[in-house]
Amino acid sequence: MGQACSGDKDEEGQLCVSGRNGTTPVRTSRSPSTMTARDWLERFEQEVGQVPTVGQLINFVKERLGEISEQAAEACLRLRNQKVTEGGSSMSHMKDNAHEVDMVTPMSIVIFGATGDLAKKKLYPAVYQLMFGCPGAPLVPQNANVVGYGRSPVALDDFLAKQCVNVKGGQKEKFLKQCSFFSGPYDSPDSYKGLHEHLLKLEGGGKANRLFFFSIPPQIFGDVVKCIHTSAKAPGGGWTRLILEKPFGRDSASFAELDACTSKLFTEDEIFRIDHYLGKEIVLNIQAMRFGNQIFESFWNKEHIRSVQIVFKEDLGTGGRGGYFDQSGIIRDIMQNHLLQVLIWLAMEPPAKYDRKSVAEQKVKVLKAIPPLKMKDTFLGQFGKNTWECSGGKVHQEPGYLDDETVPAGSRCPTYAGVVLEINNARWKGVPFLMRAGKGLDERMAEVRITFKPQSFNSIIPGDSNELVLRIQPDEAVYFKYLNKVPGWDPKRAAPVVMDMSYTKSFPDIYVADAYERMFLNTAKGDGSLFVGSGELTEAWRIFTPLLHEIDAKRPEPVIYPFGARAPAGMDEFAAKYGITMAKSWEEFLVFNKSKFGDLRKVFDALDANGDGSLSPDEVKALARHFFDGREPTDQQVSRIMQRMDKDGNGRLTFHELEQGVEAMSRYCLPGYNKDQDFMADHLALTESSPKISAPLKAPS
Ligand SMILES: NC(=O)C1=CN([C@@H]2O[C@H](COP(=O)(O)OP(=O)(O)OC[C@H]3O[C@@H](n4cnc5c(N)ncnc54)[C@H](OP(=O)(O)O)[C@@H]3O)[C@@H](O)[C@H]2O)C=CC1
Ligand SMILES: O=C1O[C@H](COP(=O)(O)O)[C@@H](O)[C@H](O)[C@H]1O
């Protein structure tokens with residue numbers, strides 16, 4: 001019989017786990033008879049590379065010791081549960097003592113391109129948060145030196161007033177005192193000697209750690225890398241780490257050149273290629289969902305999943321930076337990096353461990369199974385100008401892409417693309433992965449939509465496919481659409497409902513860090529598991545380069561869509577070729593069901609609780625929820641609906657405004673849709689018997 005050492009609790013409250021076969025060889029320094037539950041847990045994680053389930057852990061001990069006592073099993077259970085609730089898997093970016101920030105050695109953070117847009121929008125605010133602003137701050141030393149670097153001299157106060165305008169918080173003054181600026185060319189070793197002297201003074205002249213952020217155009221990366229290497233590396237044995245912003249080249253050849261130049265001078269452990277989507281909460285959550293639960297991994301495959309959509313939408317154009325955008329286009333700007341990274345984390349096999357090397361291995365492996373993209377599996381669009389009426393009868397005008405003065409006349413650069421990827425491995429063969437991304441659309445939104453395969457038993461109670469949606473932004477959420485019986489006499493009457501885990505509801509008041517905060521923090525820790533490896537970039541460019549070269553050479557004509565559209569005309573049909581139905585917007589449901597306005601009136605009246613003939617934004621939310629995809633629209637979506645429909649601008653929507661709004665929205669909803677959709681009728685049918693329309697059925701929590 002295995003036994004727990006009697007009442008043997010160590011200071012952490014763990015019972016010793018020992019067994020009959022005390023001679024079983026073990027790798028830990030302790031003998032099996034003295035191994036604690038923690039030792040066994042660690043050993044499991046070392047050998048298997050994940051946090052075990054309780055059963056796995058007990059079997060693991062049994063296999064090695066022959067038996068395990070009940071008491072000892074309980075100790076394992078407690079410890080394992082404690083570890084899971086603390087968020088304590090060995091996923092290094094979640095909690096990993098192997099990667100700690102050195103809070104003692106002086107640290108300098110140098111931002112190349114400090115006068116630029118990214119530095120202002122993201123970098124200075126992120127560094128401030130880590131030093132002073134976020135819960136638990138400081139997460140990097142508060143006396144870190146934050147040094148901006150740029151080509152032209154600046155007056156420091158003016159520079160800080162402009163570039164730190166987005167830094168918000170009570171300790172801003174203290175932070176600004178830590179900031180300085182150094183000017184010089186990017187390609188002169190002498191200038192970097194000057195930078196080195198400047199840093200030495202700030203650091204005190206001894207050992208220091210240095211983090212260099214490349215917020216500059218990639219064509220000068222090579223010069224900067226060389227100059228840091230010759231003249232500005234960290235002194236006294238401190239670490240030197242480089243964070244490189246995308247784009248990492250524009251095709252296979254240019255990436256290889258860039259990579260050769262950086263990796264000749266710095267090791268892979270010193271290079272942190274950033275993809276800020278990897279720092280977004282929902283993207284990070286893919287790993288926790290897949291590998292921290294029991295159910296997801298068991299249906300994460302071609303037997304159960306019919307298609308995967310990875311979607312990025314922006315309601316902005318190119319904002320006068322079209323000249324820059326025109327060099328890349330939406331595929332290079334969003335797909336080859338951000339959306340592909342999301343795809344990788346969704347599709348890769350579990351890594352043996354959550355360290356940089358093991359993660360990179362699995363990422364490369366899944367990429368190797370993806371054949372190069374083909375033009376026939378690609379849809380291209382470009383936004384044109386549009387005009388619409390909004391609140392108070394004001395007319396809103398949006399220029400088209402070609403109206404941007406910085407865009408070359410007649411450019412065919414795609415601002416929208418849809419591409420379908422295949423993954424030819426045992427897990428995914430035959431499952432289409434549709435990526436679609438666009439600027440100048442109806443909303444800012446990014447999501448993953450996983451649609452499940454109907455199974456033979458579904459003929460008993462037919463209905464729509466289940467969908468698991470991971471909403472990356474705005475309003476992070478995970479929700480699951482499934483069929484639920486409608487309360488009442490008919491046992492077969494079921495309707496789609498939503499099991500909704502929105503972060504604001506499930507984690508109220510929790511601090512959601514900006515992606516750049518995490519990326520700075522992980523670099524300071526030396527944890528590269530969330531950064532992009534050289535091997536995976538080689539593969540990523542192999543997949544995209546032939547298509548990009550063909551687009552560059554042949555300049556296919558993109559489909560022009562009006563600014564603010566949900567998608568270009570023809571995109572739904574393109575998706576349908578792969579068996580994929582793109583989610584409709586709330587407005588479209590209304591537009592397509594105009595003929596049922598009588599019913600809309602019923603819903604409107606039912607929601608108009610005080611009977612004053614108008615709906616408040618909250619009531620509009622309920623209306624939208626009723627017709628949309630079952631879940632609550634975000635505040636942003638509701639304010640957009642109000643903006644478009646509330647013509648007198650009084651903050652309430654009359655039925656007349658709603659009707660007119662639907663008419664106006666018909667202009668957005670492009671021809672070619674199936675006008676006979678009966679979605680609205682289905683939903684109304686559900687509520688016919690109920691006098692008051694309320695939220696859709698609440699899913700069990
Ligand atoms: N802005 C964003 O939202 C995002 C940007 N990125 C990437 O981050 C990096 C920086 O972006 P962003 O701040 O928008 O870029 P900017 O165009 O604003 O340029 C940043 C700085 O680089 C310097 N610079 C610009 N052009 C040149 C040039 N031809 N030669 C030498 N130096 C130049 C300028 O600084 P100075 O003249 O003072 O030396 C400029 O302030 C880029 O690689 C971009 O692709 C990635 C994701 C999002
Ligand atoms: O990398 C880029 O990302 C932004 C969108 O980032 P998000 O975090 O706001 O989703 C995009 O606007 C830009 O064009 C692109 O270069």
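**Ligand shells, a cavity and some backbone oddities**

By class, the lining of the second largest cavity in this predicted model has 7 nonpolar, 3 polar and 2 charged residues.

Q: Which helix gives the most residues to the lining of the second largest cavity?
A: Start with the lining itself, which includes Phe248, Gln336, Asn337, Leu340, Gln341, Ile344 and Glu536. Two elements give two or more residues each, namely helix 13 (329–347) and helix 17 (534–554). Of the elements in the lining, the one that gives the most, with 5 residues, is helix 13.

Q: What is the volume of the second largest cavity?
A: The model has 7 cavities of 30 Å³ or more. For the second largest cavity, with Asp275, Leu367 and Val532 among its lining residues, the volume is about 60 Å³.

Q: How many residues does helix 13 give to the shell around ligand 2?
A: Helix 13 turns up again here, beyond its part in the cavity lining. The residues around ligand 2 include Asp333, Ile334 and His338, and helix 13 spans 329–347. No element gives more to this shell than helix 13, and its share is 3 residues.

Q: Which class has 6 residues in the shell around ligand 2?
A: Lys246, Lys280, Glu314, Asp333, Lys439 and Arg444 are among the residues around ligand 2. Nonpolar and polar residues number 3 each in that shell. The class with 6 residues is charged.

Q: What share of ligand 2 does the protein bury?
A: Look at the polar contacts to its oxygen atoms: a polar side-chain atom of Lys280 lies at 2.6 Å, an N or O atom in the side chain of Asp333 at 2.7 Å, and a polar side-chain atom of Arg444 at 3.1 Å. On its own, ligand 2 exposes 390 Å², and the share of this that the protein buries is 77%.

Q: How much of the accessible area of ligand 1 does the protein cover?
A: There are 18 residues around ligand 1, and among those that come nearest are Thr115, Asp117 and Lys121. Oxygen atoms of the ligand sit 3.2 Å from a polar backbone atom of Gly116 and 2.8 Å from one of Leu118, while a polar side-chain atom of Tyr186 lies 2.8 Å from a ligand oxygen. Alone, ligand 1 has 870 Å² of accessible area, and the protein covers 76%.

Q: Which helix gives the most to the shell around ligand 1?
A: The shell divides into 7 nonpolar, 5 polar and 6 charged residues. One helix gives 3 residues, the most of any element, and that is helix 4.

Q: How many residues apart in sequence are the parts tied together by Asp514 and Lys122?
A: Side chains of opposite charge can pair when their charged atoms come close. The structure holds 30 salt bridges, and one of them joins Asp514 and Lys122 at 3.2 Å, N to O. Asp514 is in the loop between helix 15 (503–506) and helix 16 (515–525) and Lys122 in helix 4, so the separation of the parts they tie is 392 residues.

Q: Where is Pro474, which a cis peptide bond joins to Gln473?
A: Most peptide bonds are trans. The Gln473 to Pro474 bond is cis, with omega about -10°. Another cis bond joins Lys246 and Pro247, with Pro247 in the loop between strand 7 (240–244) and helix 9 (252–265). Pro474 is in the loop between strand 16 (467–473) and strand 17 (477–485).

Q: What is phi of Arg555 near?
A: Most residues other than glycine have a negative phi. Arg555, in the loop between helix 17 and strand 19 (559–562), has a positive value, near 45°.

Definitions and conventions
Residues are numbered from 1 along each chain as its sequence is written. Chains are lettered from A and ligands numbered from 1 in the order in which they are written. This is a predicted model: local features need pLDDT of at least 70, side-chain atom pairs count only at pLDDT 80 or more; totals for chains, interfaces and linings use all residues. Side-chain values use heavy atoms; hydrogens and water are left out. On a 1 Å grid over the protein atoms alone, a cavity is a set of points where a 1.4 Å probe fits but cannot get out, and a pocket is an open set with protein on both sides within 12 Å along at least five of seven lines; lining residues have an atom within 4 Å of a point. Grid points are joined across faces, edges and corners, and a volume is the space filled by probe spheres set on the points. Helices (H or I, at least four residues) and strands (E, at least two) are DSSP runs, numbered from the N terminus. Ala, Val, Leu, Ile, Met, Phe, Trp, Tyr, Cys and Pro count as nonpolar, Asp, Glu, Lys and Arg as charged, and the others, Gly among them, as polar. A residue is near a molecule or strand if one of its heavy atoms lies within 4 Å of it. A polar contact is a pair of N or O atoms within 3.5 Å; within protein, one must be able to donate a hydrogen and the other to accept it, and residues adjacent in sequence count only if both atoms are side-chain atoms. Accessible areas come from the Shrake-Rupley method with a 1.4 Å probe; for residues, only the protein chains shown count as cover. A salt bridge is a side-chain nitrogen of Lys or Arg within 4 Å of a carboxyl oxygen of Asp or Glu.
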